[in-house]
Amino acid sequence: MNYCRTRAIVLQVTAHGEADKIVTFFSPDLGRATGIAKGAKRSLKRFVNKLEEFSLLQFIYRPARGDGLLFLSEAELENAHLSLRTHYDRYVTATYAGELTLRFTLEQDPDPEIFALLAWTMHELADGREPLEVAAFFHLRLLGAAGYEPRLDRCGFCGRTVENGQEWSMHAGRGVVVCGGCRQDQRGSILPLRMQTLRCLQHAQRADLKSLSRLRLARKNALEALTLLHRYTQHLLQHDIHAWQQMRRLAADQIPAFPPSV
Ligand SMILES: [Zn+2]
């Protein structure tokens with residue numbers, strides 16, 4: 001039986017029976033995938049302290065038969081991103097990114113762009129960057145990679161190019177910006193959008209990941225951007241993003257003791 005190797009970001013880990021673990025991860029070669037790590041709770045060498053949420057690692061695995069689970073044979077840790085599990089704000093943001101990834105991707109649909117974005121996000125958070133800012137850039141870019149890029153360069157109704165000195169809003173149902181002239185005619189979810197936020201998001205849509213690491217979005221602008229992107233996403237998915245409530249508390253500086261004391 002042939003074994004394969006792939007890099008992966010772990011998204012979810014659940015116990016299975018006495019000794020096994022089921023792991024959902026995102027990989028450049030497989031996209032979203034789920035595998036079983038037999039004996040993961042016992043095997044110190046092969047898995048211990050590696051199968052944790054948000055870890056970057058390499059799996060050695062046997063492909064699934066049919067639609068079944070991959071057989072995970074061994075894991076080699078590249079980066080544990082430990083602080084994502086010890087800092088509440090980083091944990092919540094990584095969870096938000098993980099949930100969005102699960103919602104916008106399919107099982108075994110390879111996507112190196114989304115993998116690179118996810119790896120970038122975990123790295124920036126572990127590096128101590130402002131979580132709301134990272135979340136806003138991740139969300140924007142994930143929508144683009146998944147084929148739902150918001151239209152931010154011109155009015156989605158009359159085609160007028162975005163220029164400074166005018167008032168712009170966002171039509172959250174359509175994922176397009178709206179000029180002041182068209183806004184009155186539109187029904188539905190029209191949300192305010194500061195020019196500063198809009199310009200930064202325009203840059204963030206086109207920047208490579210290295211440049212994205214240098215781009216700055218102030219906290220209030222990041223929250224504005226996230227609110228718009230979340231509303232647009234709710235419309236697309238017709239489904240709630242569970243981690244959004246924690247993100248909102250984060251934005252309001254309501255940080256509970258973390259990790260929770262037991
Ligand atoms: Zn217009």
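A hairpin takes you from β2 to β3 by way of 3 residues, and that's a handy place to start looking around this predicted model. Strand β2 covers residues 20-27, while β3 runs through residues 31-37. The two pair in the antiparallel sense, with 7 bridges between them. If you'd like one spot to find by eye, look for I22, which sits opposite I36 in β3.

Now look at the other partner of β2. Strand β1, residues 4-16, also pairs with β2 in the antiparallel sense, over 7 bridges. Here V13 faces V23 of β2. The hairpin of β1 and β2 has 3 residues between the strands, and G17 there takes a positive phi near 65°. So how buried is β2? Of its 8 residues, 7 are buried, so the strand is largely enclosed by the rest of the structure.

Further along the chain come two helices that go together. Helix α2 (residues 112-126) packs with α3 at an angle of about 180°, and their axes lie 10 Å apart. That makes α2 and α3 roughly antiparallel, because an angle over 145 degrees counts as such. On the α2 side, the residues that meet α3 include I114, L117, L118 and W120; on the α3 side, V134, F137, F138 and L142 are among them. Sorted by class, this contact of α2 with α3 has 11 nonpolar, 1 polar and 3 charged residues.

Next up is another sheet. It's an open one, built from 4 strands in the order β6-β8-β7-β9, with mixed pairing. β6 (151-155) and β9 (190-193) are the edge strands, each with a single partner, so one side of each has no neighbour in the sheet. From one strand to the next, the twist averages 35°. β6 pairs with β8 (residues 176-179) in the parallel sense over 2 bridges, and the bridge partner of R151 in β8 is V176. Lying across β6, β7, β8 and β9 is helix α5, residues 195-206, which runs at about 120° to β6.

Finally, there's helix α7, residues 219-237. Its 19 residues reach 26 Å from the first C-alpha to the last, close to the 27 Å expected at 1.5 Å a residue. Which residues of α7 are buried? They are N221, A222, E224, A225, L226, L228, L229, H230, Y232 and T233. The buried residues of α7 pack against α1, α3, β7, β9, α5 and α8, so you meet several elements from earlier stops again. Just after α7, Q238 takes a positive phi of about 55°.

How values were computed:
Residues are numbered from 1 along each chain as its sequence is written. This is a predicted model: local features need pLDDT of at least 70, side-chain atom pairs count only at pLDDT 80 or more; totals for chains, interfaces and linings use all residues. Side-chain values use heavy atoms; hydrogens and water are left out. Two strands pair if DSSP finds at least two bridges between them. Axes are lines fitted to C-alpha atoms, for helices over the stretch in contact, and angles run from 0 to 180 degrees between N-to-C directions. Contact means heavy atoms within 4.5 Å. The expected span of a helix is 1.5 Å times one less than its number of residues. Buried means under 20% relative accessible area, exposed over 50%, partly exposed in between (1.4 Å probe, protein chains only). Angles under 35 degrees count as roughly parallel, over 145 as roughly antiparallel, 65 to 115 as roughly perpendicular and the rest as oblique. Ala, Val, Leu, Ile, Met, Phe, Trp, Tyr, Cys and Pro count as nonpolar, Asp, Glu, Lys and Arg as charged, and the others, Gly among them, as polar.
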